[in-house]
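Trainee: I am new to this structure and would like to go through it slowly, one feature at a time. Could we look at it together?

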Amino acid sequence: MSAPARPAPVTNLADGEWHRLHPASPLLRGGLVFIAVLGFIIANLRERVVDFFLVVFAPESRDDLDARYGSWQDEWANDPVGAIVTNGLVGWALLGLVVLIIAVIVGFWLSWRMHTFRVTHEAVEVRSGILFRSHRSARLDRIQGINVNRPLFARLFGTAKLEVSVAGQSANVQLSYLGSALADGLRADVLRLASGARAEKAATQAAAANTAVPLAAPLTAPAGPLAGPPTTPAAPPTAPAAAPAAPLTARAGELVTHRVDEFLAPELDPALAPPESVVHLPLSRVIGSTLLGGSTIWAIVLVAIIVAGVSSGQPWVLFSFVPAAIGLVSYMWSRITKSLRYSIAGTPDGVRIGHGLLSTGNQTIPPGRIHAIEANQWVFWRPFGWWSLRINVAGHSVSASNEAAQRTLVLPVGTAADVHRVLGLLLPDAAAEVDALVAPGLTGRGDGGGYSSTPRRAAWLRPFSWRRIGWAATAGIALIRRGALVRSLTLVPLARMQSVAVSVGPVDRALDLAGIRLHTVAGPVSAVLPVVDRSEAMRLFDRLAEDAVERAASDTTHHWGAQTIAEPGPAAAGSGVPRSDVAAEPPASEAQRPFPSTSSGNGSAR
Amino acid sequence: MHEVDTDWRRVSPKYVVVEVVGSLIGMVVFVGAALVVYFLFDWQWGLWAAIAIGVASLIGIALEPRRVRSIQYRLREDDLLFRRGIMFQRQVAVPYGRMQLVDITRGPVARALGLADLKFVTAAAATAVTVPGIPMEEADRLRDELVALAETRRAGL
């Protein structure tokens with residue numbers, strides 16, 4: 001159990017060799033449930049178990065018991081323990097129990113033994129399963145995000161769960177659990193490898209890599225231990241990489257102090273990220289925004305229904321609405337707890353968002369993985385100037401489960417200034433251009449501020465919000481402003497837009513209007529421009545279609561770290577001409593496969 | 001490797017038959033159900049419903065040739081344009097590099113007529129572009145062409 005706390009021989013998990021998870025993993029994953037079930041059974045059968053041992057240690061009490069449970073004899077269904085006792089099967093029962101426990105322990109141990117992972121320069125791979133083996137690998141250049149979660153129990157053990165998300169439904173690679181510091185180190189390594197997989201290749205191919213020394217040096221470093229045996233603790237070049245982990249693991253003598261330190265440490269290791277979050281979320285704002293949020297309305301409605309139902313003597317109301325109320329309250333509670341200790345900061349490898357008080361988690365979204373952003377202001381938040389930000393990211397489940405909803409929520413509640421700062425982090429390439437359009441996009445209406453306006457006749461279709469509806473486009477980002485009751489501003493990086501549609505219904509045609517919809521990967525954000533002048537819509541459609549192709553062709557964010565090296569190459573790429581570095585090397589086409597994980601290629605053709 | 005043209009292409013006129021057969025089957029089922037209600041239970045509205053459904057379906061069938069004519073697609077240099085609809089018009093642009101897979105499906109009537117549907121799937125479910133009523137060999141050729149195009153223009157997610 002204390003294995004990771006000792007100065008572990010392995011400080012760099014991303015050395016291309018197979019590694020095992022934290023020894024406590026099976027216990028944390030399934031063992032706690034097992035123990036809970038066992039405890040439940042024992043608590044419920046306590047009296048019978050006492051009797052059970054009474055027979056063993058005081059045989060003369062047997063007659064007494066027989067009198068008490070005589071009528072139950074042989075009634076296995078009624079009282080299995082009693083039946084065991086009266087049938088004299090105590091020894092066998094104990095033996096069975098011991099065998100069961102041993103089987104469970106062996107099972108845990110085996111599953112731990114068989115659950116291995118490795119991080120190569122190409123992919124993160126996980127092998128697991130005892131009887132049914134599974135081997136899952138996620139290509140590094142397809143990583144959509146990395147989450148490190150620390151549920152409360154795992155934190156007590158000093159462990160963390162690392163999750164690599166790739167595009168595709170439930171195609172995520174989970175490493176649960178790892179030593180806490182190791183998980184942070186591994187995330188940094190995976191991100192570094194992912195950012196530079198191509199840069200590193202380029203460096204080995206062309207000697208011209210000298211120009212990128214500061215970048216290439218840490219990238220090529222892990223190549224050393226890759227060739228050597230895994231046990232070489234830290235080859236000199238990797239030392240700076242493992243530096244954040246080293247001072248923590250070195251002081252492994254006092255396990256407890258270590259744990260306490262870890263528990264109280266800031267969610268984001270200061271050595272791995274800029275310590276200052278660009279957004280500070282006061283507790284009062286978190287609670288206030290939740291109480292004023294839309295879910296509060298639902299809570300009030302639900303409570304009203306329940307009260308009315310109970311007072312009018314309709315008990316069925318309880319059964320149908322109380323579960324919903326409980327769900328709602330738990331949602332609000334999780335929203336509050338998840339918003340506590342919220343932090344967001346930019347790192348070279350993407351935006352890192354941390355949150356949580358008891359169970360903590362933080363996710364890293366590499367650059368170029370965000371398909372759409374929406375700033376939202378519910379009408380009750382307006383007096384306070386609060387906004388929330390949601391994003392669409394490939395690979396997060398579409399289901400409205402709490403966890404998925406939390407992951408797409410990058411800013412639970414913030415001021416307009418916070419929105420500016422977070423947008424600057426999320427869209428680093430176009431931050432300056434977009435920033436000028438954010439303020440008029442959030443609160444503006446009508447013409448001006450760089451936004452197109454909607455003709456007055458649109459009031460027939462959108463009587464309240466027609467003044468708000470407008471669009472702007474700059475630096476490869478399309479901005480759509482809309483909504484009166486719920487103000488919203490949607491930003492779509494055209495480099496990741498999947499397609500665009502313009503639609504004209506009969507009423508639209510009568511009013512000479514049209515609607516435009518930008519298609520992105522599934523998520524909470526839908527980029528819809530509901531009404532716009534028809535000829536303007538056609539112009540916008542053409543422009544978006546053209547820009548999307550152009551931006552996608554010049555987009556290099558799938559290897560964000562390689563940009564500095566590959567710069568001279570794609571600069572010449574015209575519209576539609578594939579980048580030379582993509583077409584040139586054979587693995588590239590493989591690297592571009594849509595869904596890299598286990599799925600055995602329902603690839604591009606059928 | 002591929003020829004890129006800039007004309008709007010129409011789907012095969014034979015596709016009208018597929019649509020008409022589908023509409024007729026729908027009409028027969030619903031009118032039949034309404035008539036059953038009328039004759040078995042002697043409910044007057046059943047007859048009116050049957051007449052209304054029948055008339056609406058016949059109008060729909062009469063408009064079918066125009067609707068099929070409105071289905072058009074165009075292979076531009078970097079993306080595919082698709083549009084359809086008379087009342088509710090919709091036009092979509094799908095960059096070749098965004099196509100994750102190209103699907104060919106054929107229903108029984110379409111197969112009898114030698115037609116196929118070509119479906120384009122991107123990472124966004126809302127794209128929903130299906131070009132129906134393409135002659136079979138044309139569909140095969142188009143699919144290969146588009147897959148090849150998608151491969152050269154592939155641009156991440």
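Mentor: Gladly, and please keep in mind throughout that this is a predicted model. A good place to begin is chain A, where six strands form an open antiparallel sheet in the order β13-β12-β11-β16-β15-β14.

Trainee: Which strands are the edge strands of that sheet in chain A?

Mentor: The sheet is an open one, and its order in chain A runs β13-β12-β11-β16-β15-β14. An edge strand is one that pairs on one side only, and this applies to the strands at residues 409-414 and 470-474 of chain A, namely β13 and β14.

Trainee: By how many degrees are neighbouring strands of this sheet turned against each other on average?

Mentor: The pairing in this sheet of chain A is antiparallel, but the turn between neighbouring strands is given with direction ignored. On that basis, the average for this sheet is 15 degrees.

Trainee: Which residue in β13(A) is the bridge partner of Arg390(A)?

Mentor: Strand β12 of chain A covers residues 387-393 and pairs with β13(A) in the antiparallel sense over three bridges. Within β13(A), the bridge partner of Arg390(A) is Leu409(A).

Trainee: Are helices α17(A) and α18(A) roughly parallel or roughly antiparallel to each other?

Mentor: Helix α17, residues 416-426 of chain A, packs with helix α18, residues 431-443 of chain A, at an angle of about 150 degrees, and their axes are 10 Å apart. Angles over 145 degrees count as roughly antiparallel. The two helices α17(A) and α18(A) are therefore roughly antiparallel.

Trainee: How many nonpolar, polar and charged residues does the contact of α17(A) with α18(A) have?

Mentor: The crossing in which α17(A) passes α18(A) is right-handed. On the α17(A) side the contact includes Ala416(A), Val419(A) and His420(A), while the residues they meet in α18(A) include Val434(A), Asp435(A) and Leu442(A). Divided by class, the residues of the contact of α17(A) with α18(A) are seven nonpolar, two polar and one charged.

Trainee: Which residues in α15(A) do Val286(A), Ile287(A) and Thr290(A) of α13(A) meet?

Mentor: Helix α13, residues 283-291 of chain A, and helix α15, residues 316-339 of chain A, have axes that come within 10 Å and cross at roughly 155 degrees, and the two helices are therefore roughly antiparallel to each other. Their crossing is right-handed. The α15(A) residues that meet Val286(A), Ile287(A) and Thr290(A) are Met332(A), Arg335(A), Ile336(A) and Ser339(A).

Trainee: What percentage of helix is found over residues 316-333 of chain A?

Mentor: In an unreviewed UniProt entry, the annotation "transmembrane region" covers several spans of chain A, among them residues 291-310 and 316-333. Residues 291-310 of chain A are 90% helix and 0% strand, with end C-alpha atoms 25 Å apart. For residues 316-333 of chain A, the end C-alpha atoms lie 26 Å apart, strand is 0%, and helix is 100%.

Trainee: Which residue in β4(A) is the bridge partner of Val126(A)?

Mentor: Chain A also has an open sheet of four strands with antiparallel pairing, in the order β1-β2-β3-β4. Strand β3, residues 123-128 of chain A, runs antiparallel to β4(A), and six bridges join the two. In β4(A), the bridge partner of Val126(A) is Arg136(A).

Trainee: Turning to chain B, how far apart are the end C-alpha atoms of residues 45-63?

Mentor: UniProt, in an unreviewed entry, places the feature "transmembrane region" at residues 16-39 and 45-63 of chain B. Over residues 16-39 of chain B the chain is 100% helix, and the end C-alpha atoms are 33 Å apart. Residues 45-63 of chain B are likewise 100% helix, and the end C-alpha atoms of this span lie apart by 27 Å.

Trainee: How many nonpolar residues does the contact of α1(B) with α2(B) have?

Mentor: The axes of helix α1, residues 15-41 of chain B, and helix α2, residues 44-70 of chain B, come within 8 Å and cross at roughly 175 degrees. That angle makes α1(B) roughly antiparallel to α2(B). By class, the contact of α1(B) with α2(B) has six polar residues, two charged residues and, for the nonpolar class, 17.

Terms used. Residues numbered from 1 in each chain as written. Chains lettered and ligands numbered in written order. Predicted model: local features only at pLDDT ≥ 70, side-chain atom pairs only at ≥ 80, totals over all residues. Axes fitted to C-alpha atoms, helices over the stretch in contact; angles between N-to-C directions. Parallel < 35°, antiparallel > 145°, perpendicular 65-115°, else oblique. Left-handed = near helix turned anticlockwise from the far one by under 90°. Contact = placed C-beta atoms within 7 Å. UniProt positions renumbered as here; feature names shortened; annotations may be inferred. Pairing = 2+ DSSP bridges. Nonpolar A, V, L, I, M, F, W, Y, C, P; charged D, E, K, R; others polar.
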